[in-house]
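Hi there,

I am passing this structure on to you, and I hope you enjoy looking through it. Please open it first, then read my notes below.

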Amino acid sequence: MGSRIAAHIANSGVPVVLLDMVPLGVASDAPRAERNRFVLAALEGLKRSKPAAFYTPDAVRLLTPGNFEDDLALIGDCDWTIEVVAEDLDIKRALLDRVQKHRRPGSILTTNTSGLPVHKIVEGRPDEIRHHWFGTHFFNPPRYMRLLEIISTPDSDAADVALIAQFCDRRLGKAIVYSHDTPNFIANRIGTFTLTNAVRLMVEQGLTVEEVDALTGSALGWPKTATFRLADMVGIDILAHVTKNFAAQAEQIGDERAEVRLPAFIGQMLDKGWLGDKSKQGFYKKEGKDEQGREVRQVLDWQTLEYKPSVRPKFPALEMAKNIDSTATRIPQMLHADTQGDKAAAFYWPLLTELFTYAANRIPEIADNIVEIDTAMKTGFNWELGPFEMMDAAGVRTTTEKMRAAGAPVSANVEALLSAGESWYQDDSTTPSGRRYFDPGTRSYQPVPAVVGVTSLALMKKTHCVVRKNPGASVIDLGDGVAAIELHSKMNALGEDIVSLITQTLRPTSEQVANFEAFVITGDSVNFSVGANLMQLLLAVQEEEWDEVDLMVRGFQNMTQAIKFCPRPVVVAPYGMCLGGGVEIAIHAAARQVHAELYMGLVEAGVGLIPAGGGCKEMVLRSIAAGSSIRPDTRGEGVESFEALKKNFETIAMAKVSTSAVEARGFGFLCAGDAITMNRERLVTDAKHKARDLADGGYSAPVVRADIAAPGESVLATLKLAVWTMREGQYISDHDAKIADRIAHVLCGGKVTAGTLVSERYLLDLEREAFLSLCGEKKTQERIAFTLKTGKPLRN
């Protein structure tokens with residue numbers, strides 16, 4: 001965990017000293033590599049880790065490895081020291097004895113403990129230490145899990161806490177939650193209760209591991225890892241340790257669920273060494289892959305401790321729930337179903353109502369308010385809704401009345417709420433955040449704190465800022481002369497609605513261009529865009545509506561050209577998956593403000609096609625620009641341009657997708673002036689500022705080019721030779737080779753003499769012709785259909 005925290009800090013460009021133990025028995029005069037064996041092994045693990053710990057492998061250069069015996073003096077130059085050793089109070093205190101001798105006075109010192117009392121670790125130490133000491137609990141893996149719990153003690157300096165909170169928010173992309181110094185803090189406290197309660201209910205109701213995982217996954221808006229797949233990932237030994245710690249401390253503070261224990265069969269699993277993924281078997285056991293490359297797993301029968309083939313359980317309630325897109329709408333349907341004869345409903349009722357009561361009773365014990373708890377569960381456990389938001393969705397009064405009728409305990413905080421209102425949250429457009437929450441302490445509704453620098457598109461739509469919309473996209477007034485074009489189709493697939501709204505909004509004569517000085521194209525969902533609407537395309541192709549397909553491509557090209565040549569600056573703010581047509585939207589903009597977690601790629605080759613919305617054209621222009629920047633006299637005809645073009649050809653033909661924004665820059669999708677935002681919630685605000693800066697700087701739209709020096713036939717021959725070599729080596733299929741040849745043809749400007757001047761429209765026409773040609777191929781249609789069914793590319 002310590003090495004992963006260090007890696008993510010390095011991702012932000014900040015140098016880090018990473019120290020670990022000297023292996024037992026290694027002499028003081030042993031070679032340095034031997035004394036640093038543990039820390040160097042951790043570094044190697046970081047380089048190989050999946051998911052990747054670093055944005056790019058070269059970030060490792062910012063880590064300085066060492067050990068506790070030889071290198072503790074290095075912390076004297078550090079502004080912030082984080083202790084991440086074993087979860088043992090004596091071990092932590094012993095290490096701090098040594099750290100104390102080298103730490104620079106005034107520097108910040110924190111612990112990453114996941115549940116030990118933060119104040120006890122520094123108990124009895126000098127005021128100067130206690131003043132700069134508090135807890136910073138990262139969640140694993142730190143790069144991907146957004147939650148950071150900050151745990152202050154009565155002695156913690158508020159300025160230090162604010163400084164680290166700001167750094168972790170802006171530089172590490174963290175959602176900051178302030179926890180009280182109580183057992184397991186917030187997220188692990190609620191999460192451990194929920195997991196152990198699910199296990200208890202499984203045993204009581206005679207359910208299977210697979211059934212519980214089906215019930216506690218995406219149907220509730222919880223991750224697909226659900227209960228037992230999550231336990232395997234975390235480690236069953238870790239789960240047992242956390243539960244034991246939870247039970248022991250909960251008993252001391254009078255927690256009403258202190259009796260929660262893991263069942264005996266889990267102890268038997270530990271005795272057998274079945275620890276989950278780390279031991280290759282736990283609740284699930286991997287058995288390799290089938291002929292289609294799909295993972296084959298067996299599942300544990302907890303009653304016999306034998307493994308059996310995994311079978312997907314079926315619940316009528318879940319099948320019905322699949323038809324409901326909104327988690328908030330699904331929850332009451334599943335919770336309030338008749339529990340007689342319905343295994344799903346019989347499980348959900350105690351699972352959720354006991355969660356609701358438990359969470360409500362934790363205020364103000366573990367946090368000051370319900371917002372902290374909901375935020376912790378959403379960003380630490382990836383729940384779509386926090387427990388109080390889930391309670392609102394279920395209907396607080398309806399659920400409470402049923403609980404009373406069943407003789408179930410009701411939290412005093414819930415009773416207080418129902419004497420003042422109907423829900424934990426209320427919409428209120430008069431507050432900066434647009435919401436209020438019920439505070440049991442004051443028995444009144446208080447404004448949900450608004451974070452400076454965070455723009456909520458959902459809130460702005462509620463406050464009448466929408467100036468234009470259709471089912472796929474909206475134009476929203478962000479203020480200060482900037483408008484956002486928000487994509488909001490399913491998975492932000494680019495269909496006719498989005499294409500038409502962007503094109504009409506950004507054309508020079510539109511009302512929006514007259515009324516706004518800059519635009520931002522972005523979204524408010526998990527992914528920026530998964531690309532073009534393949535279902536719409538496949539239906540047209542199967543019906544052989546070639547004129548319709550041609551119009552689709554022309555319309556898409558018109559949209560990207562509207563973005564590029566809009567008289568107002570357009571900034572695209574992508575995040576998450578930005579694939580195919582999403583990339584083409586982004587690379588045509590005046591600038592990009594991107595989220596650090598960006599999975600960006602021109603993936604059309606994976607479905608048997610080529611980028612035809614101007615993607616190939618723009619990558620040609622970037623290749624030429626790369627050469628011209630080095631040798632301005634060559635017009636992009638030199639070896640530098642060729643190397644850039646070859647690289648871009650490989651990127652498109654191999655459908656490469658970046659694993660971070662930094663890697664996307666290396667792929668050529670981002671330009672030197674494009675900036676990266678670490679915190680997803682700040683992306684819209686940062687993009688708005690960039691758009692505003694472009695407008696204030698006297699932005700002038702580019703001129704349509706007709707002087708592009710085509711790479712020509714000689715380069716085309718070279719690229720085709722490379723394709724032929726790959727095919728002869730059986731690295732690619734015949735259809736892959738055909739697609740790659742089409743891509744090469746477009747990038748080189750067709751069969752023309754090197755240096756022939758061509759226009760942007762000429763390159764767009766080459767794209768369109770190649771795209772239409774490939775649409776007619778049976779293997780392309782098979783690839784599209786397979787991708788729509790599985791979400792994966794087919795190699796045929």
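**What I found**

Let's begin with Thr-787, which sits in helix 33 (residues 778–790). Please keep in mind throughout that this is a predicted model. Is Thr-787 buried or exposed? Its relative accessible area is 16%, and since buried means under 20%, Thr-787 counts as buried. Leaving aside residues up to four places away in sequence, Thr-787 touches Leu-534, Val-607, Lys-792 and Pro-793.

Next, a pair of helices. Two packed helices are described by the angle between their axes and the distance between the axes. Here the pair is helix 15 (residues 343–360) and helix 18 (residues 396–405), whose axes come within 12 Å. How do these two axes cross? They do so at roughly 105°. Angles of 65 to 115 degrees count as roughly perpendicular, so that is how helix 15 and helix 18 lie to each other.

Which residues meet there? From helix 15 come Trp-349, Thr-353, Phe-356 and Thr-357, and from helix 18 come Thr-399, Lys-402 and Met-403. Sorted by class, this contact of helix 15 with helix 18 has three nonpolar residues, three polar ones and one charged one.

Now for the backbone. Most residues other than glycine have a negative phi, and most peptide bonds are trans. With that in mind, here are some places to visit:

- Asn-140 and Pro-141 are joined by a cis peptide bond, with omega at about -5°. Pro-141 is in the loop between strand 5 (133–138) and strand 6 (147–151).
- Ile-363 and Pro-364 are also linked by a cis peptide bond, and omega is about 5° there. You will find Pro-364 in the loop between helix 15 and helix 16 (370–380), so to speak on from the helix you have just looked at.
- Ala-226 is not a glycine, yet its phi is positive, about 50°. The loop that holds Ala-226 runs between helix 9 (209–215) and helix 10 (228–234). Ala-226 is buried, and its relative accessible area is 11%.
- Met-491 is not a glycine either, and it has a positive phi of about 55°. Look for Met-491 in the loop between strand 16 (482–487) and helix 21 (496–506).

Happy exploring!

Best wishes

Note on methods: Residues numbered from 1 in each chain as written. Predicted model: local features only at pLDDT ≥ 70, side-chain atom pairs only at ≥ 80, totals over all residues. Heavy atoms only, no water. Axes fitted to C-alpha atoms, helices over the stretch in contact; angles between N-to-C directions. Helix = DSSP H or I, 4+ residues; strand = E, 2+ residues; numbered from the N terminus. Parallel < 35°, antiparallel > 145°, perpendicular 65-115°, else oblique. Contact = heavy atoms within 4.5 Å. Nonpolar A, V, L, I, M, F, W, Y, C, P; charged D, E, K, R; others polar. Buried < 20%, exposed > 50% of the residue type's maximum accessible area, 1.4 Å probe, protein only.
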